[in-house]
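Reader: Before we discuss this model, please show it to me, and then tell me what each term rests on.

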Amino acid sequence: MESAKEIQQLKSRIKDLADRSYRQNRYTFTGFLGLGEQDQFWRMEREIQDCGFRLWGGYEQAERKVIRLGNPEILGYEEAFPIVCIQIAPLQAKFADELSHRDFLGALMNLGIERGTLGDIRVGKKEAYLYCLANMAEYICGHLDRVRHTSVKCVQVAESADIQKEEPREMVVQLSSPRIDACLARVYNRSRGEILEAFQSGKVYVDGRLCENNSRQLKGGETVNLRGQGKFLFTGEQRETRKGKLAVKIWIYQ
């Protein structure tokens, strides 16, 4: 978040959606929220807990997520998130550029699309898969025809059928204790000073919440995100080495 005004606007919008869901007895949805915005939501969780909510980004381990406000036990039904997936593929793969996440995002933003309508972009060797709000799918498929110098086509796909599951990489790190700063330093091969700076800059999140305590003890099942580097799942599975350290298994997502 960039300013106190933007933070307040976000909180007011979420509170209004929660009130509307409660009054009108229906589900309401936010747009896609980044990690900083999700952290602001968690800070106001108590204010809207009676409404009920769920976060989802279109697939497991998604970073950008939509919040659905409404309690299914009270409403008596479930409503799917208005999220669809679009495959962005080159017309001629043989002549396509090597495209990055930034290339795809830049091409989308050049269409005048608001960031809140776009979720994660998962980039493959040539193609990418974009999660977006359903009401934007037709516009994107009809207008996005080029990414950098590569001509592309956009087709809405079913996540379960058309996207290869994001496979994490297993890693075992040796730690004196499951402190988050020590784990981050080992996983991303950074000095403790660099990791401390990341905490001070607000770049470390645990399960979508900003983490400012660099000595926090990690628990099994928690997902840690270091902005600009990636994320990993701390499994909690550990054994003691002969030298008395902990050998801990984690799963790294690229």
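Author: Two strands are said to pair if DSSP finds at least two bridges between them, and the elements themselves are DSSP runs numbered from the N terminus, helices being H or I over at least four residues and strands E over at least two. This is a predicted model, in which local features need pLDDT of at least 70 and side-chain atom pairs count only at pLDDT 80 or more, while totals for chains, interfaces and linings use all residues. Residues are numbered from 1 along each chain as its sequence is written, and side-chain values use heavy atoms, with hydrogens and water left out.

Reader: What makes β5 and β6 a pair of strands?

Author: Between β5 and β6 (residues 128–133) there are four bridges in the antiparallel sense, and the pair therefore satisfies the requirement of at least two. One bridge sets Leu118 against Cys132 of β6, another has Val123 opposite Ala128, and the two strands are joined by a hairpin through four residues. On β4, Ile86 stands opposite Leu130 of β6, and β4 and β6 pair over six bridges, again antiparallel.

Reader: Which strands are called edge strands in the sheet of five, and how do you know?

Author: The sheet is open, with the antiparallel order β5-β6-β4-β8-β7, and its edges are β5 (118–123) and β7 (146–147), each of which pairs on one side only.

Reader: Why is β6 described as mostly covered?

Author: A residue is buried under 20% relative accessible area, exposed over 50% and partly exposed in between, using a 1.4 Å probe and protein chains only; by that test six of the six residues of β6 are buried. Helix α5 (residues 101–109) lies across β4 (83–90), β5, β6 and β7, running at about 145° to β5, where axes are lines fitted to C-alpha atoms, for helices over the stretch in contact, and angles run from 0 to 180 degrees between N-to-C directions. The buried residues of α5 are Asp103, Phe104, Leu105, Ala107 and Leu108, and their cover includes β4, β5, β6, α6 (137–143) and β7.

Reader: How do you know whether Gly76 is buried or exposed?

Author: Its relative accessible area is 64%, and because the cut-off for exposed is over 50%, Gly76 counts as exposed. Gly76 sits in the loop between α4 (72–75) and β4, and its C-alpha lies 43 Å from that of Lys125, 49 residues away in sequence.

Reader: What makes β1, β3 and β2 a sheet?

Author: Strand β1 (residues 28–33) pairs with β3 in the antiparallel sense over four bridges, and β2 pairs with β3 likewise over four bridges. Thr28 stands opposite Leu69 in β3, and Arg54 has Arg68 as its bridge partner. The sheet is open in the order β1-β3-β2, with β1 and β2 as edge strands and a twist that averages 20° from one strand to the next. Helix α1 (residues 4–24) packs on this sheet, touching β1 and β3, at about 155° to β1, while α2 touches β1, β2 and β3, at about 165° to β2; contact here means heavy atoms within 4.5 Å. Strand β3 (residues 65–69) is mostly covered, with four of its five residues buried.

Reader: Which residues touch the most other members of the largest nonpolar core, and what makes it a core?

Author: A nonpolar core is a set of buried Ala, Val, Leu, Ile, Met, Phe, Trp, Tyr and Cys residues joined through side-chain atoms within 4.5 Å. Of its 24 residues, those touching the most other members are Ile180, Cys183, Leu184, Val187, Val204, Val224 and Phe232. Elements giving two or more residues include α8 (180–187), β10 (204–206) and β12 (222–226), and α8 gives the most, with six. Beyond four places in sequence, the contacts of Val204 include Ile180, Leu184, Ala198, Phe199 and Val224. A second, separate core of 21 residues includes Ile113, Leu118, Ile121 and Leu130.

Reader: Why is the space near Ala62 called a pocket?

Author: On a 1 Å grid over the protein atoms alone, a cavity is a set of points where a 1.4 Å probe fits but cannot get out, whereas a pocket is an open set with protein on both sides within 12 Å along at least five of seven lines, and lining residues have an atom within 4 Å of a point. The second largest pocket has a volume of about 380 Å³, that is, the space filled by probe spheres set on grid points joined across faces, edges and corners. Of its 19 lining residues, the closest to the centre are Ala62, Lys65, Asp207, Gly208 and Thr223, and α2 (35–43), β2 (53–56) and β12 each give two or more residues to the lining.
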